[in-house]
Amino acid sequence: KASTGSPPLDEDQIILGPIHEAGDDEPRSEQVQAFLSAVIQSEHLNLLVGAGLTSALAHAAGAKTGSAGMTGMITTSDRALNEALEDAAKESASRALRGDGNIEDRLRVALATLPGLRLIGDSRADELDEAIGTALRALAGQIAESEHGILHGATTENARSLLSGFLRSFAARVPTRDRLHVFTTNYDRVLEWGAERSGLRVVDRFVGTLRPVFRSSRLEIDYHYSPPGSVREPHHLDGVIRLTKLHGSLDWVSDAIDIVRVPTPFGSAPRDPGDVLIYPVASKDRETSEYPYSDLFRDLSAALCRPNSALLTYGYGFGDDHINRVIRDMLTIPSAHLVIIAYGDPTGRITRFHAEHSHTGQVSLLYGPKYADLQALVERWLPWPASEPLARAQIEILRATTAASPSASAGTA
């Protein structure tokens with residue numbers, strides 16, 4: 001484990017922001033549900049999902065995660081170039097506390113090296129370009145393999161049910177509130193698959209049906225319906241979420257002019273993986289200033305950095321500094337709150353981030369398998385906000401019935 005300068009988190013630890021501190025007695029499940037329900041009903045709710053969700057779903061489906069191939073190499077015939085690329089990738093990953101790095105670190109270093117080789121007319125540029133294409137195709141294949149495993153695992157229905165419960169717990173907000181905005185660093189389509197199977201409607205920056213095109217305009221498009229008898233007063237439709245994939249997606253392709261989403265069945269590899277727009281882990285602001293990632297990160301900062309906002313993270317290891325910077329800015333707003341749900345912390349970055357901000361009372365933590373195991377989280381800890389209006393109506397009816405009953409009047413007399 002990388003050194004963070006902070007004591008490691010205890011396994012199965014829970015800290016509920018300003019109302020509960022480390023060392024206190026463990027809160028009951030109904031207390032945790034009430035707290036999370038209050039967070040979920042914040043004025044602005046955001047959910048940040050990392051690779052941990054895909055791993056949890058693969059485990060629930062009885063399938064492999066496909067993450068073993070994420071350590072692949074970028075190899076040319078020039079041994080010196082290979083060693084230089086590998087050393088640079090390891091150094092970059094080490095600075096970011098990501099251990100020895102993975103294929104994303106190697107791709108980022110190779111992509112930064114390629115323009116320099118072309119600039120000086122180095123003959124190794126074409127070979128490196130080919131090696132990058134091979135690595136991207138391999139990465140796309142690994143992502144598709146993970147999707148296929150979740151879709152065709154021995155217990156796929158269990159994974160689908162857990163994903164549906166996970167998403168609906170956050171999406172089932174009062175329709176008049178700001179929509180749930182889901183952000184993910186993953187390239188796979190498990191969120192889209194889960195939303196489709198759960199009946200949730202997804203709003204993103206793509207417009208169109210046959211070949212949806214990425215648009216830079218933010219028009220706050222939403223779903224409404226007209227109830228009977230009030231045609232001119234449309235109501236917000238419930239079950240609608242906004243989705244932003246910060247690092248690209250397996251079905252995004254860049255043509256000569258636009259970014260388009262090509263129809264690709266869940267669990268299938270794209271027809272031409274070399275053109276897929278999957279974005280290696282960024283560590284510099286310059287890398288997130290290019291289209292379309294500048295638009296995606298503007299959406300992230302606009303959604304998080306405003307009063308009365310809440311962010312819940314699941315399966316995110318805080319390994320992306322450009323995302324962490326936005327979260328730090330969010331926490332400068334006193335009414336903002338962050339809830340970290342993490343199964344483990346192999347790099348120590350969650351420990352360090354929590355230690356930096358725990359004194360503010362704006363950070364809550366559910367850490368360890370007891371809380372972050374997907375099945376335990378969905379079945380025990382997450383609330384079901386959609387039932388709250390019915391529960392409140394039931395309480396009011398019971399109160400009214402009790403007050404009007406003859407026994408209640410006799411008891412009063």
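**Surroundings of Arg179 and packing of helix 6**

Outside its neighbours within four places in sequence, Arg179 contacts Leu45, Asp222, Tyr223, His236, Leu237, Asp238, Val240 and Arg242 in this predicted model. Arg179 lies in the loop that runs between helix 6 (156-171) and strand 3 (180-184). With a relative accessible area of 7%, Arg179 falls under the 20% cut-off and is therefore buried. The side chain of Arg179 forms a polar contact of 3.0 Å with that of Asp222.

The largest nonpolar core comprises 47 residues, and the members touching the most other members are Leu53, Phe166, Leu312, Tyr314, Leu366 and Leu374. Helix 6 is the main contributor to this core, giving seven residues. When residues up to four places away in sequence are not counted, Phe166 touches Leu47, Val49, Leu53, Tyr314, Leu374, Leu377, Val378 and Leu382. A second core, separate from this one, has 34 residues, including Phe206, Leu311, Phe318 and Ala342. In soluble globular proteins, nonpolar side chains tend to be buried together.

Helix 6 also packs with helix 2 (residues 51-61): the two axes come within 7 Å and cross at roughly 140°. This angle is not over 145 degrees, the cut-off for roughly antiparallel, and helix 2 and helix 6 are therefore oblique to each other. On the helix 2 side, the contact involves Leu53, Leu57, Ala60 and Ala61, which meet Thr156, Asn158, Ala159, Leu162, Leu163 and Phe166 of helix 6. By residue class, the contact of helix 2 with helix 6 consists of eight nonpolar and two polar residues, with no charged residues.

Notes:
Residues numbered from 1 in each chain as written. Predicted model: local features only at pLDDT ≥ 70, side-chain atom pairs only at ≥ 80, totals over all residues. Heavy atoms only, no water. Helix = DSSP H or I, 4+ residues; strand = E, 2+ residues; numbered from the N terminus. Buried < 20%, exposed > 50% of the residue type's maximum accessible area, 1.4 Å probe, protein only. Polar contact = N/O pair within 3.5 Å; in protein donor to acceptor, adjacent residues only side chain to side chain. Contact = heavy atoms within 4.5 Å. Core = buried A, V, L, I, M, F, W, Y, C linked by side-chain atoms within 4.5 Å. Axes fitted to C-alpha atoms, helices over the stretch in contact; angles between N-to-C directions. Parallel < 35°, antiparallel > 145°, perpendicular 65-115°, else oblique. Nonpolar A, V, L, I, M, F, W, Y, C, P; charged D, E, K, R; others polar.
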